[in-house]
Amino acid sequence: MTHRIILFRGMNTGGVRAPVGEQRAMAEAMGLKNPRTLQASGNLVVETGMATEALEAAIEAEMARRFEVKIAAMARTPDQWATVIAANPFPNEAADHPSKVVAMVMKDGVKAGALDAVHALCRDGEAVEAIDGILYFWFPRGQGDSEIFKKATPKMLGMGTGRNWNTVLKLGQMVGV
């Protein structure tokens, strides 16, 4: 049995609601151990022996059944999460401005042509790199006014969910990374 970080795409946005207490109760009912949440934005940590793909499928099915929402779940082991942290191509920016660095965990990898499309949207020092199926973004002026944030949809990138560097590190701490 090992920890798994489970990230939900679009939780508590656009009408998708599943309160964190109910997420933890759902995980317990599924036989997942020690469920914990971080913030109210789709971050669940559990302990399980399930394989990653099976866990993602089970979580997605239970979210649909219990909360009547179709939501993508991306699960990662502590070792995989340590790799996400270590591979960050923007370490200085993350140290100085962690809320402006985002790691987007992709469900099935980065869609072909996505990196070039996002590079074309970069403005005012923004940057993006793809490393091992993770898109890393640097938003020196924040995400809110970024063309990337407005236009880089799952149709362009593939299915994924982003977390700012503060959240990435907190999730790592929750699983001993």
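## The sheet

Four strands, 4 in number, build an open sheet in the order β2-β3-β1-β4, with antiparallel pairing. Strands here are DSSP runs (E, at least two residues), numbered from the N terminus. Two strands pair if DSSP finds at least two bridges between them. The edges belong to β2 (33–37) and β4 (73–76); each has a single partner strand, so one side of each lacks a neighbour in the sheet. From one strand to the next, the twist averages 20°.

This is a predicted model, in which local features need pLDDT of at least 70, side-chain atom pairs count only at pLDDT 80 or more, and totals for chains, interfaces and linings use all residues. Residues are numbered from 1 along each chain as its sequence is written, and side-chain values use heavy atoms, leaving out hydrogens and water.

## β1, β3 and the helices

Strands β1 (residues 2–8) and β3 (residues 43–48) pair in the antiparallel sense over 6 bridges. His-3 stands opposite Glu-47 in β3.

Helix α2 (residues 52–67) packs on the sheet and touches β1, β3 and β4. Helices are DSSP runs too (H or I, at least four residues). Contact means heavy atoms within 4.5 Å. The direction of α2 makes about 145° with that of β4. Axes are lines fitted to C-alpha atoms, for helices over the stretch in contact, and angles run from 0 to 180 degrees between N-to-C directions.

Helix α8 (residues 165–174) also packs on the sheet, touching β1, β2 and β3. Its direction makes about 20° with that of β3.

## Met-50

Met-50 lies in the loop between β3 and α2. Its relative accessibility is 27%, so Met-50 counts as partly exposed (buried is under 20% relative accessible area, exposed over 50%, partly exposed in between; 1.4 Å probe, protein chains only). Beyond its neighbours within four places in sequence, Met-50 is in contact with Arg-4, Leu-32, Leu-55 and Ala-58. Met-50 and Arg-4 are 46 residues apart in sequence and 9.4 Å apart in space, C-alpha to C-alpha.
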